[in-house]
Amino acid sequence: MTDTIITTKQPETYAGSISRTGFSLYILELSRGLLDDLPALLEQKIVPNHEAYRERSFVLDVSNVSFAELEAMDFAGMHAECLKHDIYLIGLSGVTTQERADLLAKKKVPVVNSNHAMRVREENLKPKVVVERVEVKVPVEVLGNTPLTLISRTVHSGETISAPGNSIVIFGSIGPGARVIASHHIIVFGDIKGGEVYAGSPRNEADPGFTEAFIYASGQFNPSLVSIAGNYQTAEDMESDPLIGPLQGKDVKVVVSLEGTSLRYWQAEEFSPKKAARRYQPI
């Protein structure tokens, strides 16, 4: 007689699980937005209440701290400063832009955002379209009923922002490898760091493009390509032009317009669409 051995499969076991928490954390807030003020804040607030705060976990609100401060931040040093007072600094809060989140991720600094800060950050990632007459206060004349696509963040490397039938206003920079394409004007309040900028872009093969379009830039001017109505110049073309080359990589306020099939570069304070139609005054 042969014995029959019956085996049963054991249920799969897991090492643990992940779930949302309802833990409360204390928040450190710097009145002046200066990270160097952290030791003074700890002396003023933690030392007198040492037993109440001892071995508690804290996050530092950086919503009013400048980007330059975050770039130079020594998180390990701040964590060590908190340990001197027997408290734990576990991360930063108030990170509401993707640019800041990317910087902190690169520095390996943990972000512990509140639900409100997370919602603000997500909202900043969405392009905002205003379908109404808008007047933008810039050093050039921008009037008309063309709707604007408003971007209130950096356009990152490899990203494409397209606005068929619209102008685009960017309150942020354009990163290397990014592309910004509009059927009308493009206005950038920030740096252009190697991206491609296409204004007056044709919408199909039968469309010649909007030849009265212009590109306004306020910040570091170093595009890899600029184009108006299909007429373009690359960075190499600009470097060889004695009027344009000196502008590359510098903080300037410059307007690019089209004269015939040639791109023209203006000092922003001397440009207006009407003036560009009548004459060309180079930088």
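Strands here are DSSP runs of E, at least two residues, numbered from the N terminus. The model is predicted.

**Overall build**

The protein has eight helices and 16 strands. Of its 283 residues, 42% are buried. Among contacts with a separation of 6 or more, 48% join residues 24 or more positions apart. The accessible surface is about 16500 Å², and carbon and sulfur atoms account for 50% of that area.

**Nonpolar cores**

In soluble globular proteins, nonpolar side chains tend to be buried together. Two separate cores are described here.

| Core | Size | Residues, among them |
|---|---|---|
| Largest nonpolar core | 30 residues | Ile168, Ile170, Ile174, Phe221, Ile228, Tyr265 |
| Second core | 24 residues | Leu28, Phe75, Cys82, Leu92 |

The six residues listed for the largest core touch the most other members. Strand β15 (residues 250–259) gives this core its largest share, four residues.

Take isoleucine 168, one of those six. Leaving aside residues up to four places away in sequence, Ile168 touches Thr149, Ile151, Ile161, Ala163, Val180, Ile181, Ala182, His185, Ile186 and Ile187.

**A nonpolar patch on the surface**

Some nonpolar side chains lie at the surface. Leu25, Leu83, Tyr88 and Ile90 make a nonpolar patch of about 310 Å². Isoleucine 90 sits in strand β3, which spans residues 88–93. Is isoleucine 90 buried or partly exposed? Its relative accessibility is 35%, so isoleucine 90 counts as partly exposed. Buried would require under 20%, and exposed over 50%.

Note on methods:
Residues numbered from 1 in each chain as written. Predicted model: local features only at pLDDT ≥ 70, side-chain atom pairs only at ≥ 80, totals over all residues. Heavy atoms only, no water. Patch = residues over 30% accessible without salt bridge, like charges linked within 9 Å, V, L, I, M, F, W, Y side chains within 5 Å. Areas by Shrake-Rupley, 256 points an atom, 1.4 Å probe, with all protein chains shown as cover. Salt bridge = Lys/Arg side-chain N within 4 Å of Asp/Glu carboxyl O. Buried < 20%, exposed > 50% of the residue type's maximum accessible area, 1.4 Å probe, protein only. Core = buried A, V, L, I, M, F, W, Y, C linked by side-chain atoms within 4.5 Å. Contact = heavy atoms within 4.5 Å.
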